[in-house]
Amino acid sequence: MSHVVSGGVARCRLRAVVAAGVVVVALLAAAVPAAAGAGRGAGFVAAADPVPVCGGGQLVAGGVVRLGVDAVRVTVVNEGPGRCVLRGHPTVALAGQGAPGSARALTVVREGPVRPVVLPVGGAAQTRVAFVPVLGEADGYCASGGVPFVAPSMVVGVAGARLQVAPDDGGNFAVCGSTVRVTAFRPAP
């Protein structure tokens, strides 16, 4: 079975289809730039606007806050010259009394999914470092029977830099064992 459509009716239908297509394309063209611009403040990056990976020279230590006896929150800050993207987990070592020879590298157990964190200049990211705490008072002990390790500072490896940080309360890091659990970097609140 075939249908025959006269030439005038076919041209009219074709014009209607083309006009509808032009309207759809115009609406899409107007919506895409608006959506791309709106997302930039929220950490989204347009394909035509790549954000470079953070380099060690632009990240500085922003502080270490205790989260109880077995964890600390470490903050790093982007000091520029432009925005950058930070991904992954840091490495961690304890700096033994400021002497590199008495430092202790720690095995890092990575926790949580890795998501890119876009840091504007002045923006901060955080990670949580958890460890087996030293028990007892001044002459603490390890439940495992091991010898506690006490250090005034921690060295956090991030973006090719080694940032030496100390707890904001002025105390020491005291850990049992040589393993820490570290979360991936997240935007600081």
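At 5% relative accessibility, Cys-176 counts as buried in this predicted model, because buried means under 20% relative accessible area. Cys-176 forms a disulfide with Cys-142, and their sulfur atoms are 2.0 Å apart. The link of Cys-142 and Cys-176 is left-handed, with -95° about the S-S bond. Cys-142 lies in the loop between β8 and β9 (149–151), whereas Cys-176 belongs to strand β12, so the pair ties together parts that are 34 residues apart in sequence. Cys-142 is buried as well, with a relative accessible area of 5%.

## Disulfides

The count of disulfides comes to two. The other pair consists of Cys-54 and Cys-84, whose sulfur atoms are 2.0 Å apart. This pair links distant parts of the chain: Cys-54 is in the loop between α1 (7–40) and β1 (59–66), and Cys-84 is in strand β3 (residues 84–86), 30 residues apart. The torsion about the S-S bond of Cys-54 and Cys-84 is about 80°, so this disulfide is right-handed. Cys-54 counts as buried at 6% relative accessibility, and Cys-84 is buried with a relative accessible area of 0%. With bonded cysteines counted along the chain, the disulfides follow the pattern 1-2, 3-4.

The accessibility of each bonded cysteine is listed below.

| Residue | Relative accessible area |
|---|---|
| Cys-54 | 6% |
| Cys-84 | 0% |
| Cys-142 | 5% |
| Cys-176 | 5% |

## The chain as a whole

The secondary structure of the protein chain comes to one helix and 13 strands. Along the sequence, the helix is followed by the strands, in the pattern α-β-β-β-β-β-β-β-β-β-β-β-β-β. Of the 189 residues in the protein chain, 30% are buried. The chain exposes about 11,100 Å², and carbon and sulfur atoms supply 62% of that area. Contacts between residues at least 6 apart in sequence include many that span long stretches of chain: 72% of them join residues at least 24 apart.

## Strand β4 and its sheet

Four strands form an open sheet in the order β5-β4-β10-β11, and the pairing is antiparallel. The edge strands are β5 and β11 (161–165), each of which pairs on one side only.

Strand β4 (residues 91–95) pairs with both β5 and β10 in this order. With strand β10 (residues 153–158), β4 pairs in the antiparallel sense over five bridges. In that pairing, Thr-91 stands opposite Gly-157 in β10. Two bridges join β4 to strand β5 (residues 104–105), and these strands also run antiparallel. Here Ala-93 stands opposite Ala-105 in β5.

How many of the five residues of strand β4 are buried? Four of the five are, so β4 is largely enclosed by the rest of the structure.

## Val-180 in strand β12

Strand β12 (residues 173–183) also contains Val-180. Is Val-180 buried or exposed? Val-180 is buried, because its relative accessible area is 3%, and buried means under 20%. Val-180 and Val-109 are 71 residues apart in sequence, yet their C-alpha atoms are 6.1 Å apart in space. Leaving aside residues up to four places away in sequence, Val-180 touches Val-92, Leu-106, Thr-107, Val-108, Val-109, Val-129, Ala-130 and Phe-131.

## Gln-126 in strand β8

Gln-126 lies in strand β8 (residues 124–133). Gln-126 counts as buried because its relative accessibility is 17%, and the cut-off for buried is under 20%. Which residue's side chain makes a polar contact with the side chain of Gln-126? The partner is Thr-75, at 3.2 Å.

Thr-75 is also one of the residues that Gln-126 touches, not counting residues up to four places away in sequence. The others are Arg-73, Val-74, Ala-184, Phe-185, Arg-186, Ala-188 and Pro-189.

Methods: Residues are numbered from 1 along each chain as its sequence is written. This is a predicted model: local features need pLDDT of at least 70, side-chain atom pairs count only at pLDDT 80 or more; totals for chains, interfaces and linings use all residues. Side-chain values use heavy atoms; hydrogens and water are left out. Buried means under 20% relative accessible area, exposed over 50%, partly exposed in between (1.4 Å probe, protein chains only). A polar contact is a pair of N or O atoms within 3.5 Å; within protein, one must be able to donate a hydrogen and the other to accept it, and residues adjacent in sequence count only if both atoms are side-chain atoms. Contact means heavy atoms within 4.5 Å. Accessible areas come from the Shrake-Rupley method with a 1.4 Å probe; for residues, only the protein chains shown count as cover. Two strands pair if DSSP finds at least two bridges between them. A disulfide is a pair of cysteine sulfur atoms within 2.5 Å.
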